[in-house]
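The exercises here ask you to look at charged side chains and to reason about where they sit. Please keep the sequence and the structure in view as you work through each solution.

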Amino acid sequence: MNLELDNKNVLVTGASRGIGLAIAESFLKEGANVMIVSRGSNLLSKSASLLQKKYTNASVEFAECDCTNQESLEVLSKLISNKWSKLDIVVANVGDGRSEPNPIPTNDQWRKTWTKNFESALFTSRVFLPSIELSRGCLLFIASIAGFEVLGAPVDYSTAKSAVISFAKNLSRKVNKDVRVNVIAPGNIIFPGSSWDKKMDQDPFGTQALIDSSVPMKRFGDPQEVADLAVFICSERAKFITGSVFVIDGGQTVSS
């Protein structure tokens, strides 16, 4: 299937590893140009170098950017304008599920989680929405199944992801025909360095038992499976889809 993504210009945030990196590479496979960003520089530059060597016919750009800081995103916007004549697709992937065991986390922890998981999405949208309105492009948020189902995840994280989903659905109605806005809500995705990877190292039998009991498919998801869905949603093959939340969780929330 031709997804008609040739020469589309794509920004993927939180893309130095895991889901973000898999999404970036999947767009490159489809002929798009990609800008990957993250807060840290070492892993980001290594990931970008690998992509540049592998996809020599595409524009693979990278930049350090703190997506919880609107000024940092505005600097990134200027950089992208200097690189490309237009921006077609933005994937807002920044997030962090780590918190503390308190049912209601401390104010400092709550603010940290809210900023990382919701305000990063808000600021990214605010800065780049005008550009993708001009190209009549796509805005895709990566949230979590914890945003609409009670699964035992940290309360602050779940609340922030709920806000991302609500924000995206409301925004989709406001921008109407100009920009398609959608959400992917992944379940338990494992990759090197992820929280699930660390849990598997610490307690492989207990962690696998948890997955076996809560996920009907009895396995973790892979970042590539999320990436395959992402490129389809942002493609011309999905041009009648907006305001939607796509769950990819091996059936964990099938009852909801």
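Three exercises on salt bridges follow, each with a worked solution, and they rest on a predicted model.

**Exercise 1.** Determine how far apart the closest N and O atoms of K86 and D88 are, and decide whether each residue is buried or exposed, or partly exposed.

Solution. Begin with the contact itself: K86 and D88 form a salt bridge in which the closest N and O atoms lie 2.7 Å apart. Next, take D88, whose relative accessible area is 4%; because buried means under 20%, D88 counts as buried. Finally, K86 has a relative accessibility of 38%, so K86 is classed as partly exposed.

**Exercise 2.** Work out where R111 and D108 lie with respect to each other in helix α4.

Solution. First note that the side chains of R111 and D108 meet in a salt bridge, with 2.8 Å from N to O. Then locate both in helix α4, which covers residues 107–134: they are 3 residues apart, so about one helical turn separates them. As a last step, D108 has 57% relative accessibility and therefore counts as exposed.

**Exercise 3.** Describe the salt bridge of R219 with E225, and then name the residues that shared partners join into one network.

Solution. The closest N and O atoms of R219 and E225 are 2.8 Å apart. R219, with a relative accessible area of 38%, is partly exposed, and E225, at 30%, is partly exposed as well. Elsewhere, salt bridges with shared partners link D96, R98 and K116 into one network. For the whole model, the count comes to 8 salt bridges.

Notes
Residues numbered from 1 in each chain as written. Predicted model: local features only at pLDDT ≥ 70, side-chain atom pairs only at ≥ 80, totals over all residues. Heavy atoms only, no water. Salt bridge = Lys/Arg side-chain N within 4 Å of Asp/Glu carboxyl O. Buried < 20%, exposed > 50% of the residue type's maximum accessible area, 1.4 Å probe, protein only. Helix = DSSP H or I, 4+ residues; strand = E, 2+ residues; numbered from the N terminus.
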